[in-house]
Amino acid sequence: QVQLVESGGGLVQAGGSLRLACAASGLTGRRYDMGWFRQAAGKERELVASITWSGGSTYNADTVKGRFTISRDNAKNTVSLQMNSLKPEDTAVYYCAVRLERSFNYNYWGQGTQVTVSS
């Protein structure tokens with residue numbers, strides 16, 4: 001049974017930082033990319049950042065480039081999202097997700113963690 005558990009969300013003032021973490025279980029022996037998505041109230045879910053299995057390739061949405069950094073530790077089955085210079089428009093529920101090797105779509109999702117940035 002695959003489980004993804006996010007942590008690290010909360011309330012922060014604009015310009016501040018937060019670090020999200022996601023712990024994956026039930027994926028022993030599998031190779032997978034990981035991503036962070038977010039969904040703000042009344043908006044569609046969007047991909048914020050992703051990282052390949054090896055960690056050698058990452059993607060960041062234009063809206064977070066230069067501010068957010070994704071990283072992973074395969075030994076600990078974790079992925080993190082360091083968020084700096086936060087803006088009120090970053091307010092959303094953030095979800096961790098896994099895409100298995102040779103899969104087009106993301107296969108597993110966490111329950112989400114709320115990030116609120118006050119102005």
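Student: Which residues does F68 touch, not counting residues up to four places away in sequence?

Tutor: Good place to start, and keep in mind that this is a predicted model. F68 is among the members of the largest nonpolar core that touch the most other members. Leaving out residues up to four places away in sequence, the list for F68 is R38, V48, N60, L81, Q82, M83, N84, L86, D90 and Y94.

Student: Which strand gives the most to the largest nonpolar core?

Tutor: That core has 28 residues, and M34, W36, F68, V79, L81, M83 and Y94 touch the most other members. Several strands supply at least two residues each, including β3 (18–25), β4 (32–39) and β9 (92–100). The top contributor, with 5 residues, is β9.

Student: Is R38 buried or exposed?

Tutor: Let's find R38 first: this residue is in strand β4. Buried means under 20% relative accessible area. R38 has a relative accessibility of 5%, so R38 counts as buried.

Student: With which side chains does the side chain of R38 make polar contacts, at 2.7 Å and at 2.9 Å?

Tutor: R38 has plenty of company: leaving aside neighbours within four places in sequence, its contacts include E44, E46, V64, F68, D90 and Y94. The 2.7 Å polar contact is with the side chain of E46. The one at 2.9 Å joins R38 to the side chain of Y94.

Student: Where is T63, and how is T63 classed by its relative accessible area?

Tutor: T63 is in the loop between β6 (58–60) and β7 (68–73). R38 is in contact with T63 and also with E89. The C-alpha atoms of T63 and E89 are separated by 9.6 Å, and these two residues are 26 apart along the chain. With a relative accessible area of 45%, T63 is partly exposed.

Student: In strand β1, which side chains point to one face and are buried?

Tutor: Strand β1 covers residues 3–7, and its side chains alternate. Q3, V5 and S7 point to one face and are not buried. The buried ones, on the other face, are L4 and E6.

Student: How do β1 and β3 run, and which residue of β3 stands opposite V5?

Tutor: The two strands are joined by 5 bridges and run antiparallel. Looking across from V5 to β3, you will find A23.

Student: What kind of aromatic pair do F37 and Y106 form?

Tutor: There are 4 aromatic pairs in the count. For F37 and Y106, the centres are 5.0 Å apart and the planes are at 85 degrees. F37 lies in strand β4 and Y106 in the loop between β9 and β10 (108–109), so the pair ties together parts that are 69 residues apart in sequence. Planes over 60 degrees apart count as edge-to-face, and the pair of F37 and Y106 is edge-to-face.

Student: Why is the pair of F37 and W109 called tilted?

Tutor: F37 and W109 belong to a cluster that ring pairs link together with Y106. Planes under 30 degrees apart count as stacked and those over 60 as edge-to-face, so the rest are tilted. The ring centres of F37 and W109 are 4.7 Å apart, and the pair is tilted because the planes are at 55 degrees.

Student: Which ring has the charged end of R45 over it at 4.1 Å from its centre?

Tutor: R45 lies over the face of W109 at 4.5 Å from the ring centre. W109 counts as partly exposed because its relative accessibility is 35%. For the 4.1 Å value, the ring is that of Y95.

Terms used
Residues are numbered from 1 along each chain as its sequence is written. This is a predicted model: local features need pLDDT of at least 70, side-chain atom pairs count only at pLDDT 80 or more; totals for chains, interfaces and linings use all residues. Side-chain values use heavy atoms; hydrogens and water are left out. Helices (H or I, at least four residues) and strands (E, at least two) are DSSP runs, numbered from the N terminus. Buried means under 20% relative accessible area, exposed over 50%, partly exposed in between (1.4 Å probe, protein chains only). A nonpolar core is a set of buried Ala, Val, Leu, Ile, Met, Phe, Trp, Tyr and Cys residues joined through side-chain atoms within 4.5 Å. Contact means heavy atoms within 4.5 Å. Two strands pair if DSSP finds at least two bridges between them. A polar contact is a pair of N or O atoms within 3.5 Å; within protein, one must be able to donate a hydrogen and the other to accept it, and residues adjacent in sequence count only if both atoms are side-chain atoms. Rings of Phe, Tyr and Trp (its six-membered ring) pair if their centres lie within 6.5 Å; planes under 30 degrees apart count as stacked, over 60 as edge-to-face and the rest as tilted. A charge sits over a ring if NZ of Lys or CZ of Arg is within 6 Å of the ring centre and within 35 degrees of the ring normal.
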